[in-house]
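Student: Could you take me through the aromatic rings in this model, and show me how they meet other rings and charged side chains? I'd like one connected look at that part.

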Amino acid sequence: MAIYEKLMGNPFVDTGVSAICEWLGPGTQPEEIATEDLEIMINQFAPIYCTSAWTKNLYSIFPNSPVTYRNKDTVAELVSKWSNWREKIEPMSQAGDCLGCGRRVTMEKLLTKTDVPLTGSGSLRNFFPLFSDGQGYCAACALAVQFAPLSLVSSGGKFLMLHSNAWRVQRKWTQICVADIQSRVARNEITGCFNPGYINPRNGLFYMASRLIDYEERRATEDITMQIFYFSNYNQGPELEIFHLPAPVFRFLRYAYQNEFSRAWHQIVRSGYRWVNWDKVESEEDYKNSRNLVYEFLLQGRSILGFFINRPARKVRSNWELLSLYLKEVRNMEESRLNTIKQVGDSIAQSIRKSGRERRLRQLESAGSYGECRNILRFVIRDRIQQGEETPLFSLDDYVEQLFPVSADQATFWRETRDLLVFRIYETLHDWLITSGFADDIDDETEHSTDELQEGN
Ligand SMILES: [Zn+2]
């Protein structure tokens, strides 16, 4: 019977098991790990963990552990503590009371935050069930947790830890961290947990998501959810924030990072940064930790439609195809609604071009209510009749079901419809608007009015 399995359910244990597998070799599976492998891990890691670079991290992961003592025997002490657990390891059975695996009985000695992050200290007994002195873990899970730091991303003195429903993704995250640590160890350049330089945890999280997508085969239909724990287990101020990256958002990102869209997606993300003086930016380092509203809105489930549109320049960031992918995947918009809006947008663009004036576009851009928006469409219908168009702008069914469907929150619908029409008109007419003198040929991807952001709901 094996010692470990994939995704046993406890984030720290699963992270530790994935770190063990990755260190032993990219093909290693949890079920293959034997106690001899754990002996290798113990002997290789105790000296690495006791270096000053790692100790600095470990104060915030395993406070009061032997690693953090300042004496010469820390390595020996750590090896002895871990080996003691290793000797107690038993294969998994059908059931048990261990909080890590639920498949083995717990050790007699209960564990606290010194061995398992975000568990209480033994003296704060009201943290635990039945006022006990700690929490029960089996020896195998306790040991696995010790290797979890290999798979943590250091971010502003705290750590990002992934827990996914897909073991493959869990492994890729670990692979990114472990590959960096291994290459540094090989160069004798030990720096602690993987640190790509993100103090802003949300930006760090999206950086990791982009790295995960780099690795991913494009099986975009799969539902991959990710929970990212942003924590510190520091004695004086343990903290925890949990981010959810929903499956539809990850699926959309896989499209967005594809070659054909990546440049456009980069522009959209760039437009989401706040408080950046772009004139002074020399490299990514100058803005990568600034607040980014595109990332924040994606995590909060708010629409990022506004960021696809560069209103001052009257042009689009990206194209209808990427925008449709976003609206279908993340916002659950029906294909039929998108098609109708696209068609109506094209007809309005055609009418504007025929008229040689941009008044209808200006009116649509500044429409501030459902009533105003409807009125402008009525004007366009009149324009089209004068221009001798034979087909109507839209049918009554399209109007009721696709353009302005009725819902409890109709405010969102008319704004969304207006923004989509404006997007499509910009996409179709941008060059004409420039040559006709109705738009400036500015290449500023970072302009973004606050008005637009409030409407991003
Ligand atoms: Zn266990």
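Tutor: Happy to! Let's begin with a charge over a ring: the charged end of K288 sits over the ring of Y198, 4.4 Å from the centre of that ring. R270 does likewise with Y287, where the charged end lies over the ring, 5.6 Å from its centre. Keep in mind that this is a predicted model.

Now for rings that meet rings. The count of aromatic pairs comes to 23. Take F12 and F231: their ring centres are 5.4 Å apart and their planes stand at 85 degrees, over the 60 degrees that edge-to-face requires, so this pair is edge-to-face. F12 belongs to helix α1 (residues 11-24) and F231 to strand β3 (residues 226-232), so many residues separate the two partners: 219, which is how the pair links distant parts of the chain. Both F12 and F231 are buried.

F206 and Y295 make a stacked pair, with 4.1 Å from centre to centre and 5 degrees between the planes. Here F206 comes from helix α7 (residues 201-215) and Y295 from helix α10 (residues 293-300), so the pair ties together parts that lie 89 residues apart in sequence. F206 is buried, and Y295 is buried too.

Finally, have a look at a group of rings: W23, F45, Y49, W54, W82 and F147 come together as one aromatic cluster.

Note on methods
Residues numbered from 1 in each chain as written. Predicted model: local features only at pLDDT ≥ 70, side-chain atom pairs only at ≥ 80, totals over all residues. Heavy atoms only, no water. Phe/Tyr/Trp six-rings, centres within 6.5 Å; stacked < 30°, edge-to-face > 60°. Helix = DSSP H or I, 4+ residues; strand = E, 2+ residues; numbered from the N terminus. Buried < 20%, exposed > 50% of the residue type's maximum accessible area, 1.4 Å probe, protein only. Lys NZ or Arg CZ within 6 Å of the ring centre and 35° of its normal.
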